Amino acid sequence: MDRDDSNCGGDEVEIVVKAIGPSRPSRIKIPSRIKVSDLRNMIAANGHLPIEQLKIVLKGEMLNDSKNGEDVYIQLKDGDCLIVAIKPIPPAKHLRKGFDDDDDDDDDDDLFQIPESASRWKRRLFSFLSDKLKLPNIMLMALFSISLKAWGIIILWFTLAPVAYRWGLGPLYVLGTGFSIILLNLGQRQQGDLSAYSIFNEGFRELPGTLNADRIDRDIRAGQF
């Protein structure tokens, strides 16, 4: 199974389609190289099956129409056997309440998926890391949620860390990094917004409800304690 932008083609082959249930296996002739979505349409039309709930299995692997935004193609040979199943329509949500069993679709929704708007090289990298290297979902999320600029800063920091340690500036390097992160994430206040720290406000104005020693003293004198 692969992903390509080329058209379907090649010699025709005859494959066996076995549907789960009492129906007998059928044989159809299709191009040896075919897009999964086209194969799904042909099987659905040949067996008068609902295409929305149609699931196709080849050699123990479920076939998907696309992956990471790209169409999936497969290479078939004479005599290949496809297992076809019709996914049952789940009951309404109000009927499923109170049941502990989770659907497979709910588990799939929890998996990290790269956005379809991502570049081609990023989709290929995601496919390699998830399919070939089998990286955990949490690691994929961390890798692709951070921008390239942030990754460049992280790599630069780890590159300069040994240099700072060699010059005896390790503690200062770490402290400087911490202060830099704080200063770069302070943000900007809009006109009229008050800071949580009264020292930064005009006339040392405090936020409503601020609890300090002066307010406690006033409350005690007023007999509110």
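**Entry 1: R27 and E14**

I began with the side chains of R27 and E14, which meet in a salt bridge at 3.7 Å, N to O. This is a predicted model, and I read every distance with that in mind. R27 sits in strand 3 and E14 in strand 2. The two are 13 residues apart, and the pair links distant parts of the chain. I then looked up how open each partner is. R27 has a relative accessible area of 55%, so I log R27 as exposed. E14 comes out at 29%, so E14 goes down as partly exposed.

**Entry 2: the other salt bridges**

How many salt bridges does the count come to? The count comes to four. I looked at two more of them.

D65 and R40 meet through their side chains at 2.9 Å, N to O. D65 lies in the loop between strand 5 (61-62) and strand 6 (66-67), while R40 is in helix 1, so this pair ties together parts that are 25 residues apart in sequence. Is R40 buried or exposed? R40 is buried, with a relative accessible area of 8%. Its partner D65 is partly exposed, at 29%.

R221 and D217 also form a salt bridge, again listed at 2.9 Å, N to O. Here both residues lie in helix 8 (residues 213-221). They are four residues apart, about one turn of the helix. I noted R221 as exposed at 69% relative accessibility. D217 is partly exposed at 35%.

**Entry 3: D80, a charge without a bridge**

Next I went to D80, in the loop between strand 7 (70-75) and strand 8 (81-86). D80 is buried yet has no salt bridge. Which side chain of opposite charge is nearest to D80? I found K59, 4.6 Å away. A salt bridge needs a nitrogen-to-oxygen distance within 4 Å, so I do not count this pair. I also listed what D80 touches, leaving out residues up to four places away in sequence. The list is E14, I15, V16 and K59. E14 is the residue I had already logged as the salt-bridge partner of R27.

**Entry 4: the largest nonpolar core**

I15 took me from D80 to the core. The largest nonpolar core has 19 residues. Within it, I15, I30, L39, I43, I74 and L76 touch the most other members. I then asked where the core residues come from. Strand 2 (9-19), strand 3 (26-35), helix 1 (36-47), strand 4 (54-58), strand 7 and strand 8 each supply at least two. Which element gives the most to this core? Helix 1 does, with four residues.

I listed the contacts of I15, again leaving aside neighbours within four places in sequence. I15 is in contact with I28, I30, L39, L76 and L82, among others. The list also includes S26, R27, K77 and D80. So I15 touches both R27 and D80, which I had looked up above.

There is a second, separate core of six residues. I noted I114, A118, L140 and F144 among them.

**Entry 5: aromatic rings**

I counted aromatic pairs next and got two. For W157 and F158, the ring centres are 5.1 Å apart and the planes stand at 80°, so I call the pair edge-to-face. W157 and F158 join Y173 in one aromatic cluster. How exposed is each of the neighbours W157 and F158? W157 is partly exposed, at 28% relative accessibility. F158 is exposed, at 54%.

**Entry 6: the UniProt record**

I checked the UniProt entry, which is unreviewed. It lists residues 138-158 and 164-186 under "transmembrane region". I then looked at the model over both ranges. Residues 138-158 are 90% helix and 0% strand, and the end C-alpha atoms are 22 Å apart. Residues 164-186 are 78% helix and 0% strand. The end C-alpha atoms of that span lie 26 Å apart.

**Entry 7: P88**

Last, I looked up P88. P88 is in the loop between strand 8 and helix 2 (93-96). Is P88 buried or exposed? P88 is exposed, with a relative accessible area of 64%. I also took its distance to Q53, which is 35 residues away along the chain. The C-alpha atoms of P88 and Q53 are separated by 7.1 Å.

Technical notes: Residues are numbered from 1 along each chain as its sequence is written. This is a predicted model: local features need pLDDT of at least 70, side-chain atom pairs count only at pLDDT 80 or more; totals for chains, interfaces and linings use all residues. Side-chain values use heavy atoms; hydrogens and water are left out. Buried means under 20% relative accessible area, exposed over 50%, partly exposed in between (1.4 Å probe, protein chains only). Lys and Arg count as positive and Asp and Glu as negative; His and the chain ends are not counted. Contact means heavy atoms within 4.5 Å. A nonpolar core is a set of buried Ala, Val, Leu, Ile, Met, Phe, Trp, Tyr and Cys residues joined through side-chain atoms within 4.5 Å. Rings of Phe, Tyr and Trp (its six-membered ring) pair if their centres lie within 6.5 Å; planes under 30 degrees apart count as stacked, over 60 as edge-to-face and the rest as tilted. UniProt positions are given in the numbering used here, feature names are shortened, and annotations may be inferred rather than shown by experiment.
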